[in-house]
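Hi everyone, thanks for having me. I'd like to walk you through one protein today, so let's get it up on the screen.

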Amino acid sequence: MRELGALFGDGLALEQLRQIALDASASGESRRAAVRAIIEGRPDDLAAFLKRLAADRNMLGAAARGLGVLGDSDTPKMLLDRWSQLSPEDQRGAVETLVSR
């Protein structure tokens with residue numbers, strides 16, 4: 001339900017999803033689902049939020065995919081600089097992001 005609220009601009013739902021995404025004690029799947037919902041909602045500060053999230057090694061791949069969707073100009077450098085920190089699955093996603101530009 002929060003995901004739907006964020007999609008339609010519900011600020012409270014969006015804030016709850018941000019808290020989940022940033023909560024290192026939450027499950028990886030819960031955090032990734034929260035990030036996907038935030039990306040779909042396209043809040044005005046999405047790029048800044050995803051860059052903050054990218055500092056968390058476990059969320060780097062999800063944040064990079066979101067930044068790739070936005071066409072953020074800093075994304076290619078971030079992906080290449082942090083390549084070794086990406087999981088093999090996230091590396092595949094990073095390659096897709098890089099070649100789609």
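Let's start with a question: in which helix is the place of Gly 66? It sits in helix H5. Before I say more about that spot, please keep in mind that what you're looking at is a predicted model.

Okay, the big picture. The protein has seven helices and zero strands. If you read along the sequence, the pattern is simply α-α-α-α-α-α-α. There are 101 residues, and 38% of them are buried. The accessible surface adds up to about 5,900 Å², with 52% of that belonging to carbon and sulfur atoms. Now think about contacts between residues at least 6 apart in sequence: 41% of those join residues at least 24 apart.

Back to Gly 66. Is this glycine buried or exposed? Gly 66 counts as buried, because its relative accessibility is 0%, and buried means under 20%. Leaving aside residues up to four places away in sequence, Gly 66 touches Ile 39 and Leu 50. There's also a nice pair to find on the screen: Gly 66 and Ile 38 are 28 residues apart in sequence, yet their C-alpha atoms are 9.3 Å apart in space.

Now for the helices around there. Helix H4 covers residues 46-53 and helix H5 covers residues 60-70. Their axes come within 9 Å and cross at roughly 155°. Angles over 145 degrees count as roughly antiparallel, so H4 is roughly antiparallel to H5. The crossing of H4 and H5 is left-handed. Who makes the contact? From H4 we have Leu 46, Ala 47, Leu 50, Lys 51 and Leu 53, and from H5 we have Ala 63, Gly 66, Leu 67 and Leu 70. So there's our glycine again, in the H5 part of the contact. Sorted by class, the residues of this contact come out as seven nonpolar, one polar and one charged.

H4 also packs against H3. What is the angle between H3 and H4? It's about 160°, with the axes 11 Å apart. That makes H3 roughly antiparallel to H4, and this crossing is left-handed. On the H3 side you'll find Arg 31, Val 35, Ile 38 and Ile 39, and they meet Leu 46, Phe 49, Leu 50 and Leu 53 in H4. The classes here are seven nonpolar, no polar and one charged.

Between those two helices there's a loop, and Arg 42 has its place in that loop, between helix H3 (28-41) and H4. What's curious about it? Most residues other than glycine have a negative phi. Arg 42, though, has a positive phi of about 50° although it is not a glycine. With a relative accessible area of 46%, Arg 42 is partly exposed.

One more stop: Thr 97. You'll find Thr 97 in helix H7, which covers residues 88-99. Thr 97 is buried, with a relative accessible area of 10%. What does Thr 97 touch, not counting residues up to four places away in sequence? The answer is Gly 68, Thr 75 and Leu 79. Take Thr 75 from that list: Thr 97 and Thr 75 are 22 residues apart along the chain, and their C-alpha atoms are separated by 8.8 Å.

That's my tour, so feel free to rotate the model and go looking for these spots yourselves.

How values were computed. Residues numbered from 1 in each chain as written. Predicted model: local features only at pLDDT ≥ 70, side-chain atom pairs only at ≥ 80, totals over all residues. Heavy atoms only, no water. Helix = DSSP H or I, 4+ residues; strand = E, 2+ residues; numbered from the N terminus. Buried < 20%, exposed > 50% of the residue type's maximum accessible area, 1.4 Å probe, protein only. Contact = heavy atoms within 4.5 Å. Areas by Shrake-Rupley, 256 points an atom, 1.4 Å probe, with all protein chains shown as cover. Axes fitted to C-alpha atoms, helices over the stretch in contact; angles between N-to-C directions. Parallel < 35°, antiparallel > 145°, perpendicular 65-115°, else oblique. Left-handed = near helix turned anticlockwise from the far one by under 90°. Nonpolar A, V, L, I, M, F, W, Y, C, P; charged D, E, K, R; others polar.
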